[in-house]
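Hi there,

Here is the structure I promised to pass along. Have a look at it first, and my notes on what turned up follow below.

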Amino acid sequence: MELEKLAQLKSGDPVLFAELVRDHHRALIALTVPIVGISEAEEVVQNAWLKAYQAISSFAGKSAIRTWLGSIAINEAKMQLRQRKRESLFSDHGDENQYTEDSLAQRFTERGHWQHPPAHWHTDSPESLLTGEQLAECLEKLLTAMPDNQRCILEMRDASGLPFDEICSELTVSSANARVLLHRARTQLFKLVDHYEETGEC
Amino acid sequence: MLSCRDFVNNADQLLDRDLRVSTRIAVRIHLLLCRHCRRYVKQLARLIKAIPFMHNKATEEEVRKVMDCIHSHENT
């Protein structure tokens with residue numbers, strides 16, 4: 001975000017704040033659903049926006065604004081759980097899918113060399129790699145079908161940019177397990193994009 | 001000697017600079033020798049940069065609902 005725009009935002013400009021809501025609201029919902037559940041995520045994120053609006057003047061700009069908003073939303077989610085005396089829905093146990101084969105496993109020979117190497121991807125810009133019209137629909141399906149714990153780590157680490165050790169402590173998950181979950185989530189996305197870039201279909 | 005499968009399993013941590021020195025050296029050597037894995041890690045990095053943009057923008061109604069709530073708190 002340009003400095004001038006950031007300064008205007010920090011001074012409480014409601015139009016710019018509404019723009020922020022437009023850009024990040026869905027990501028914050030996706031971030032909190034695996035923790036508090038779909039029925040409470042909207043309320044949690046609404047409270048997070050309120051806190052963010054009240055605190056925007058203190059945003060130092062050291063992290064990306066998404067990361068800052070993500071931390072606020074995670075705190076709100078935890079507060080909601082405490083108030084309702086509930087446990088986080090996140091669990092790194094009891095999900096058999098977590099231990100299923102890696103999405104790219106079929107791409108290697110028995111000896112572990114590439115049998116079907118990655119295609120050359122034509123799309124260069126981060127803004128458009130995952131937003132092609134046809135791809136967006138398949139991506140939505142993939143994210144919906146993804147085990148909750150994988151999705152949760154993906155949303156926290158990659159979509160919101162929260163630090164890895166902070167994620168492990170918030171979710172009380174070991175770093176080794178979190179790594180496996182993140183790897184599983186990323187390779188599913190990689191396989192989807194790779195196929196789309198190679199064939200134009202997904 | 002690291003296989004391509006091993007490389008792929010370590011690529012996330014390579015990008016996060018979270019590998020032990022011995023593994024990092026093995027991964028770097030593999031990378032020098034294998035163009036497929038060079039492509040894999042380059043495109044994985046590109047994918048990770050694209051993930052923050054994967055969510056749709058909120059609808060006008062969703063934005064209005066959030067802003068209305070903020071304004072009603074401001075007025076109380």
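Let me begin with the overall form of chain B in this predicted model. Its radius of gyration is 22 Å, whereas a compact globule of 76 residues would have one near 11 Å. The C-alpha trace of chain B spans about 65 × 25 × 15 Å along its principal axes. Of the 76 residues in chain B, 28% are buried. Chain B has four helices and zero strands, so from the N terminus on its elements read α-α-α-α.

Now to the contact between the two chains. Chain A brings 40 residues to it and chain B brings 34 residues. On the chain A side, α2 (14-36), α3 (38-55), α5 (126-129), α7 (148-159) and α9 (175-199) each supply at least two residues. The largest share there, nine residues, is from α2(A). By type, the residues on this side of chain A are 24 nonpolar, seven polar and nine charged.

One helix pair across the contact is worth opening in your viewer: α3(A) with α4 (residues 60-74) of chain B. Their axes lie 10 Å apart, at an angle of about 55°. That angle falls outside the ranges for roughly parallel, perpendicular or antiparallel, so α3(A) and α4(B) are oblique to each other. The crossing of α3(A) past α4(B) is right-handed. From α3(A), the contact uses Gln46(A), Trp49(A), Leu50(A) and Tyr53(A), and from α4(B) it uses Val66(B), Cys69(B), Ile70(B) and His73(B). Six of these residues are nonpolar, two are polar and none is charged.

Best wishes

Technical notes
Residues numbered from 1 in each chain as written. Chains lettered and ligands numbered in written order. Predicted model: local features only at pLDDT ≥ 70, side-chain atom pairs only at ≥ 80, totals over all residues. Contact = placed C-beta atoms within 7 Å. Nonpolar A, V, L, I, M, F, W, Y, C, P; charged D, E, K, R; others polar. Rg over C-alpha atoms; globule rule 2.2 N^0.38 Å. Buried ≥ 20, exposed ≤ 12 C-beta atoms within 10 Å, placed from the backbone. Axes fitted to C-alpha atoms, helices over the stretch in contact; angles between N-to-C directions. Parallel < 35°, antiparallel > 145°, perpendicular 65-115°, else oblique. Left-handed = near helix turned anticlockwise from the far one by under 90°.
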